[in-house]
Amino acid sequence: MKMNFKKISLLLSTALLMVACGGKEAKKVQTASEVEDAVASKTKMLDIEKPQLTFGFIKLTDMAPLAIAKEKGFFEDEGLFVSVEAQSNWKNVLDRVIDGQLDGSHMLAGQPIAAGAGFGRQAKLVTPFSMDLNGNGITVSNDVWSKMKPNVPKDGDGKTIHPIKADALKPVITEYKNSGKPFKMGMVFPVSTHNYEIRYWLAAAGIHPGMYTADNVQGQIDAEVLLSVTPPPQMPATLESGTIYGYCVGEPWNQQAVFKGIGVPVTTNYDIWKNNPEKVFVMTKKFVDENPNTAIAVTKALIRAGKWLDEPSNRAEAVKILSMSQYVGAPEEVLANSMTGTFEFEKGDKREMPDFNVFYKYNATYPFYSDGIWFLTQMRRWGQIPETKSAAWYGETIKDIYRPDIWKKAADLLVAEGQIPATDIPDTDGFKPATSDFIDGTTFDAKDPIGYINSFSIGNKD
């Protein structure tokens with residue numbers, strides 16, 4: 001059993017300093033052996049193959065498990081010395097992980113799936129850890145909101161009723177079309193949850209967001225709304241400039257639009273698909289094969305971070321950490337709008353939303369095969385996967401990418417250490433029960449992906 005040398009040195013130096021100063025606690029820890037015994041009694045140290053690691057992230061609230069695992073010492077508890085570096089965009093994240101410049105990264109859930117399923121750059125990537133549930137919103141410009149608002153139902157007090165469906169946007173799009181202006185909206189990447197969520201929201205109201213083909217990788221064939229890629233931190237500025245009229249992005253960039261007075265969030269992905277998976281942590285299959293204990297240790301630290309984040313009393317501290325320039329770098333009041341159990345829609349219309357950001361509850365950290373299969377169905381629905389696939393193909397493909405076996409090894413060690421209760425490990429074969437928690441009432445059964453795809457009125461058909 002190996003000990004984190006940096007931690008031993010730090011604690012031993014502290015102990016010797018206390019002796020020199022005549023401190024009353026000096027005799028509690030005096031030798032490296034005693035320090036090792038104290039730490040090892042809690043953490044089951046693995047034989048780490050690669051202790052020095054560099055991980056990437058995009059400046060979004062849902063990178064929080066990485067920041068917390070580093071700042072709270074969870075990585076170091078596992079004998080890992082981790083550098084966490086912000087990246088410019090999602091393509092850069094993918095390329096740097098594949099090329100080995102990053103050992104792992106915060107990543108869009110669709111990226112490792114697309115890389116293994118035939119869309120975009122191909123590589124063997126694995127996901128042992130799901131970073132969060134929910135966390136996204138759809139925001140429109142003030143001008144678009146002023147035209148949508150008369151179409152939105154209100155309660156007896158004149159307050160808008162949520163969730164707001166894209167039905168309220170449909171006449172606005174028609175107005176733009178009749179005046180010869182294409183209606184443009186932003187999302188963060190072609191295989192992002194955001195792309196599929198905004199398409200789902202639009203299509204549920206009969207608005208066609210466009211199809212992909214081998215010749216049209218923009219996904220704009222027959223589109224009534226033209227969707228284009230904008231990096232998350234640039235969304236508010238792009239909206240303010242008038243280049244786009246709305247967008248789907250993760251926090252804090254919806255709340256930033258409210259804070260700046262340039263736009264209004266109209267719905268969240270919690271309403272489009274309740275407790276949907278969002279980001280994942282990704283490494284290459286080669287890295288995991290060559291460094292299996294390191295992969296388990298990383299997953300242990302991230303699970304602990306997720307659990308820490310979902311303690312309500314820790315959210316204020318998490319906001320302070322995320323506001324640091326090396327992490328998200330947004331103002332604390334903007335981050336707190338969603339991270340502390342509320343979400344602000346129209347300015348001043350702040351509503352309770354305790355599950356907007358979930359990092360541990362509801363088995364949020366577990367990489368369910370079902371979640372991955374849902375992404376494959378959306379790639380097929382919108383033409384990113386152009387060929388008809390058998391039902392078996394969906395399950396076989398995702399089992400090479402989602403790795404609950406790594407998660408389970410990490411979680412079992414955490415149970416043995418007393419870090420998490422055994423009841424937090426899901427009793428599952430990797431599949432969730434069928435759910436109808438979608439804005440259009442559609443039922444998703446991961447074991448019948450073709451039936452799910454065929455249930456849509458807009459999109460590809462098998």
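Helices H6 and H17 cross in the right-handed sense. Keep in mind that this is a predicted model. H6 covers residues 110–117 and H17 covers residues 369–381; their axes come within 10 Å and cross at roughly 65°. On the H6 side, the touching residues are Gly110, Ile113, Ala114 and Ala117, and H17 answers with Gly372, Phe375, Leu376 and Met379. That contact holds 6 nonpolar and 2 polar residues, with no charged ones.

H17 has a second helix to deal with: H9, residues 193–203, whose axis comes within 11 Å of that of H17. Which hand does the crossing of H9 and H17 have, left or right? This crossing is left-handed. From H9, the contact uses Thr193, Tyr196, Tyr200 and Ala203, while H17 brings Trp374, Phe375, Gln378, Met379 and Arg381. Phe375 and Met379 of H17 turn up here, and they are also listed in the contact with H6. Here is how the two pairs look side by side.

| Helix pair | Axes come within | Crossing angle | Residue classes in the contact |
|---|---|---|---|
| H6 and H17 | 10 Å | roughly 65° | 6 nonpolar, 2 polar, no charged |
| H9 and H17 | 11 Å | roughly 65° | 6 nonpolar, 2 polar, 1 charged |

Now for the sheet. Five strands make up an open sheet with mixed pairing, running in the order E2-E1-E3-E11-E4. Why do E2 and E4 each have one side without a neighbour in the sheet? Strand E2 (81–86) and strand E4 (125–130) stand at the edges and have a single partner strand each, so one side of each stays free of a neighbour in the sheet. From one strand to the next, the twist averages 30°.

H6 comes back into the picture at this point, as it packs on the sheet and touches strand E3 (104–108), E4 and strand E11 (279–284). The direction of H6 makes about 90° with that of E3. So much for H6; over at the E2 edge, strand E1 (residues 52–57) pairs with E2 in the parallel sense over 6 bridges. Within that pairing, leucine 53 has valine 82 in E2 as its bridge partner.

Finally, the largest pocket. It has about 320 Å³ of space. Its lining takes in 19 residues, and those closest to the centre are Lys274, Asn275, Lys432, Thr435 and Asp437. Sorted by class, the lining of the largest pocket has 10 nonpolar, 4 polar and 5 charged residues.

Terms used
Residues numbered from 1 in each chain as written. Predicted model: local features only at pLDDT ≥ 70, side-chain atom pairs only at ≥ 80, totals over all residues. Heavy atoms only, no water. 1 Å grid on protein atoms, 1.4 Å probe; cavity = no way out; pocket = protein on both sides within 12 Å on 5 of 7 lines; lining within 4 Å. Points joined across faces, edges and corners; volume = space filled by probe spheres on them. Nonpolar A, V, L, I, M, F, W, Y, C, P; charged D, E, K, R; others polar. Axes fitted to C-alpha atoms, helices over the stretch in contact; angles between N-to-C directions. Helix = DSSP H or I, 4+ residues; strand = E, 2+ residues; numbered from the N terminus. Left-handed = near helix turned anticlockwise from the far one by under 90°. Contact = heavy atoms within 4.5 Å. Pairing = 2+ DSSP bridges.
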